[in-house]
Amino acid sequence: MEILNTAIKFALLIALIISPVLLFNKLRKQKFRYFFVYYLISAGLITFFLILILAWWSHFSTELLLSHYGYSSGDLNETDRMKNVAIENLDTVKKLRISKMGIGWPLKAFMFYPFYFPYLILVYLGMYFYKKKSNQKVSLQKV
């Protein structure tokens, strides 16, 4: 169960890294007049949606693991919540419960996005100069 949760988180992180590059290439084929603006708006919306999914999944997977280990979050006191948890899983459940505390997943997503947004600009600049350099090499080889 933990491996599946980690695999999904890893896949979402890979999607966050690769999606701006794929979007740049897709939009580059369509000759837009204001390419940078189209790229920033579309990449911003897509990656913000992915960050929301990643933040939600992180919260949901913790809840899923807690219920998998027998923790009942609907009960009123701590002894009732922990009564179905096996003794060997007590430490894991306590760590998961503590990691769940704090700010909620929407606020985590909103706080993470300002740190992620410069990556979109770096990808744009990197891909722009890479395409420009590769186009110069192709034009030099034709001559």
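Modeller: A residue is buried under 20% relative accessible area, exposed over 50% and partly exposed in between (1.4 Å probe, protein chains only). The model is predicted, with local features needing pLDDT of at least 70, side-chain atom pairs 80 or more, and totals for chains, interfaces and linings using all residues. Residues are numbered from 1 along each chain as its sequence is written, and side-chain values use heavy atoms, without hydrogens and water.

Biologist: Which residues of H1 are buried?

Modeller: H1 is a helix, that is, a DSSP run (H or I) of at least four residues, numbered from the N terminus. Its 28 residues offer the positions to be examined. Those classed as buried are Asn5, Leu12, Leu16, Ser19, Pro20, Leu23, Phe24 and Leu27.

Biologist: At which residue does H1 bend?

Modeller: The bend is the angle between axes fitted to the seven residues ending at a position and the seven starting there. In H1 this angle is about 35°, and the proline Pro20 follows within four residues of the bend, which is placed at Ile18.

Biologist: What distance does H2 reach from its first C-alpha to its last?

Modeller: The expected span is 1.5 Å times one less than the number of residues. For H2, with 34 residues, the expectation is 50 Å. The model comes close to that figure, with H2 reaching 48 Å.

Biologist: Which residue just after H2 takes a positive phi?

Modeller: The residue in question stands just after the helix, H2. Its phi is about 100°, and its name is Gly70.

Biologist: Is Phe49 buried or exposed?

Modeller: Phe49 has its place in helix H2. Its C-alpha is separated by 9.9 Å from that of Leu16, 33 residues apart along the chain, and Leu16 is among the buried residues of H1. The relative accessible area of Phe49 is 52%, so the residue is exposed.

Biologist: What kind of pair do the rings of Tyr113 and Phe117 form?

Modeller: Rings of Phe, Tyr and Trp (its six-membered ring) pair if their centres lie within 6.5 Å, with planes under 30 degrees apart stacked, over 60 edge-to-face and the rest tilted. The count by this rule is 18 aromatic pairs. Because the centres of Tyr113 and Phe117 are 6.0 Å apart and their planes stand at 50°, this pair is tilted.

Biologist: Which of these two ring residues, Tyr113 or Phe117, counts as buried?

Modeller: Both belong to helix H5, four residues apart, or about one turn of the helix. Phe117 has 29% relative accessibility and is therefore partly exposed. At 13% relative accessibility, the buried residue is Tyr113.

Biologist: Which residues do ring pairs link into a cluster?

Modeller: One member, Phe24, is also on the list of buried residues of H1. Taken together, the cluster comprises Phe24, Phe35, Phe36, Tyr39, Tyr124, Tyr128 and Phe129.

Biologist: How far apart in space are Lys108 and Tyr128, C-alpha to C-alpha?

Modeller: Lys108 lies in helix H5, and its relative accessible area of 39% makes it partly exposed. Tyr128 is a member of the ring cluster. The two residues are 20 residues apart in sequence, and their C-alpha separation in space is 31 Å.

How values were computed
Helix = DSSP H or I, 4+ residues; strand = E, 2+ residues; numbered from the N terminus.
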